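Could you walk me through this structure in my viewer, one selection after another? I am new to this, so please tell me what to pick and what is there.

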Amino acid sequence: MWHVGAIGSVQWMRSPKQPRGCTKHDPPWIGDAKEGKGMTDVEAILVQGSWPAIDDPIWSMASLTVAVRVHVKQRRRSKKAKVTLPDGWVEKCTYSIHHHEVGGVTDGEFQVEIRSNNCMHAITPIAQPSVSGKLGEALDNMQSGRDVVKPENNQINSSRGLLEWGNRIEEDAEQDESEEYVMENGEWSDPSKEHDQDKATRSDGASIPYHLWNDRIASKLGEFWKSADYKNPPPTQKKDGSPGRRPATTQPKLNVDVPLDRLKLNRMLRMLRKAASKYWKHLVKKSFHDWFERVGKQHKDHEAIKVAGEASVAKAAETSWWEWKRGSTIFFWRWPPDYQDVVREGLLPMFDTDPPSNSDRQPPYDDDKIREQVKKKVDSVMMKGYVDLVDIKQIEAYMYMFHVPKGDDIRMVYDGSKSGLNNALWAPWFSLPTIDAMSRWVIAGSWLADNDYGDMFLNFPLHASLQKYCGIDLTQLYPNMKGGEASVMVARWLRNAMGLRSSPYASVQGALRAKHIALGDPADENNPFQWDRVIENLPGTQEYDPSLPWIMKMRRDGKSASDIAQYVNDMRIIAATKELAWQCSSRTAKTLCHLGLQDAARKRRPQSQRPGAWAGATIASDGDVVTKGVTQERWNKLQKKIRWIAHQVGLRDEFTEEDVGAGSQGAEETPEGKILQVNIFVRVKHLVIHLTKSCAKHAKATMLTLGLESVNQQDYKIQFQIRTVSAESIVRFLFSRPPTLD
């Protein structure tokens, strides 16, 4: 609503939907503006959102001289779109206003754009009124009376600060979907495609590459509109058998190669996704209720099943088409019957010894900035229902909580070792595929695609018998001073926590079950993962081809079968063609969603024959042979660590940095040799295993020389003794660039 009573009067309001809160005293609302029907002559218009189209009848209104548009200022990095103005109209000025400076209580920033057409008066921005307020001024009369620590001045979302604009209401993620095309280097482009050039690891707040799905739909529509089936459609029949009516024209209404038509298509897709999302939520609810009536009621734990199912339905109701913003809960009734109880309750823990009991409190935070970052991370898992606030009597042991840097952000770690819980737990060993294992399925010309879990470990429930030993002390993050004494605030984990010994095994077990469901029936011709025979290509046989895997699954059409290589949460799709790679990636994402697991759409990338890193290494299939390698970043990291070791025994080269001793905690000369105390390189071996086979022997020689084969990798520090060092085994690591594997 606009308030213009002091300078004029509102003659009408125009919008596709009737504005909320309209009364009979308000100006008339116009829903259909075709041919200017109902729009009386006005001197100025106020536009909220996008400008009217250039052919809109409003621009031909003779009395109209001024047009003002107000919209939320975009904070993302994008170039201004080229705009074509109606005849006679010119851009006058653009400026910004802040919501809290004009009587609001949010940190919202808006951009004002003014156009004019033969306006006789000077158009200049007026000074903003100085009425800055705080959120507390709007909430003081609604306080519950609970004593809380007074927030700092200007603290966001507090009574002494402003409300964050983006979180003022519950918004659908589709509102963030990019619709704008910009002019760049003389060509129209989609800003969301900047995602394709980003590094392989995507942060939690990364944007979603909507264009991947929109481009595919546009491409398939363009193909269909050019096909004979569309231009010469077959005759149709009505239900009674009489001939149906042929379409009046077969000329498509949109040209997907024109930016304006693509914009229309994107908006139409956004509306379709909203409708489809609502229907999907209905299907989730219906599927549980139908299953519960048929199967669930017969179960001995039918009451617990009913509660768990309703919780899953409630989580589904809070999702958008793209994201699980409020977290997820597994749709256990859609899993195989033999695994439904496990995936609903969590994997039963296995204890070697008695579980621990402690009441260790979380130490205070010295840095307020770090404290706020930690609080933000904890807020997220609490909001998603992964952590539950409980009475202190329900906790028998606490996990130590700490953070590690992650660029400008932090990553939270919940350590089960300090309390002794990890020592009491037992979890089976299991293997994970490396780049070598994955490369056995890749042949020259293969296409690769990536899918990624969102909140990998947190998708899966923590068994109730383990939850009481997984408490976390939140008192330092949420102080609540009352009566002069600090009350204790504790919570417990409900999901598989990072830092818990059993979490990797329990979560990967569930993820691999989901993977086999995604692979589906190999005999189904509509399944992109289909295959019907296995070919042996064994060394020593007359037909042996060294460029092909020793064992291959083959499709009916003679192409190699598609497959999935999964490294914890990273799923690498291998397919024979680009189209099959997309179909397999799409099926995998849909299967995860069907099971109540999170597929991270923000991490999706186009199909490629040179994709990003996977399990710490890269692979390329666009040549005559398949090649492997390590990323430059990982190679540099390994070189730095090896050079530090070389520096300790007096070896240097032209690439050795002056500050090569960083990380050392001292060296001591003893009669037995030099003893070094350093921070453990817990990933040195993991870095080395991706190197060329020609380097592997030198890597092993270095490790054996340093005695690292016997190091306990659970320790954070090691002490190793150097008596003799092979200069060759170290110097051979000091390349200027990463090797290519063959």
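Start by selecting K553: in this predicted model, K553 is partly exposed, because its relative accessible area is 28% and partly exposed covers the range between under 20% and over 50%. Now add D563 to the selection. K553 and D563 form a salt bridge, and their closest N and O atoms are 3.1 Å apart. K553 belongs to strand β20 (residues 551-554) and D563 to strand β21 (residues 563-567), so the pair links distant parts of the chain, 10 residues apart. Is D563 buried or exposed? With 14% relative accessibility, D563 counts as buried.

**More charged pairs**

Side chains of opposite charge can pair when their charged atoms come close. How many salt bridges does a search of the whole structure find? The search finds 28.

For another one, select R69 and E113. The closest N and O atoms of this salt bridge are 3.4 Å apart. R69 sits in strand β4 (residues 66-72) and E113 in strand β6 (residues 109-116), so this pair ties together parts that are 44 residues apart in sequence. Both partners are worth colouring by accessibility: R69 is buried, with a relative accessible area of 15%, and E113 is buried at 9%.

Next, pick K603 and D452. Their side chains meet in a salt bridge, with 3.8 Å from N to O. K603 is in the loop between α12 and β23 (617-620), while D452 is in strand β14 (residues 447-452), so the pair ties together parts that are 151 residues apart in sequence. D452 is buried, with a relative accessible area of 10%.

**Two helices and a network**

Two packed helices are described by the angle between their axes and the distance between the axes. Show helix α2 (residues 210-226) and helix α12 (residues 578-594) as ribbons: they pack at an angle of about 125°, and their axes are 13 Å apart. The two helices α2 and α12 are therefore oblique to each other. Rotate the view to look at how α2 and α12 cross; this crossing is left-handed.

Keep the view here and select R216, K220, E223 and E579. What links these four residues? R216, K220, E223 and E579 are joined in a network of salt bridges.

**A nonpolar patch**

Now switch on the surface and select V534, L538, W550 and I551. Together they form a nonpolar patch on the surface, with about 400 Å² of accessible area. Zoom in on V534, which is placed in strand β19 (residues 533-536). V534 counts as partly exposed, because its relative accessibility is 47%.

**Two backbone stops**

Most residues other than glycine have a negative phi. Select D455, which has a positive phi of about 50° although it is not a glycine. Where is D455? You will find D455 in the loop between β14 and α10 (464-467). D455 is partly exposed, with a relative accessible area of 24%.

The last selection is V568. V568 has a positive phi of about 60°, and it is not a glycine either. Look for V568 in the loop between β21 and β22 (570-575). Is V568 buried or exposed? V568 counts as buried, because its relative accessibility is 18%.

Notes:
Residues numbered from 1 in each chain as written. Predicted model: local features only at pLDDT ≥ 70, side-chain atom pairs only at ≥ 80, totals over all residues. Heavy atoms only, no water. Patch = residues over 30% accessible without salt bridge, like charges linked within 9 Å, V, L, I, M, F, W, Y side chains within 5 Å. Areas by Shrake-Rupley, 256 points an atom, 1.4 Å probe, with all protein chains shown as cover. Helix = DSSP H or I, 4+ residues; strand = E, 2+ residues; numbered from the N terminus. Buried < 20%, exposed > 50% of the residue type's maximum accessible area, 1.4 Å probe, protein only. Axes fitted to C-alpha atoms, helices over the stretch in contact; angles between N-to-C directions. Parallel < 35°, antiparallel > 145°, perpendicular 65-115°, else oblique. Left-handed = near helix turned anticlockwise from the far one by under 90°.
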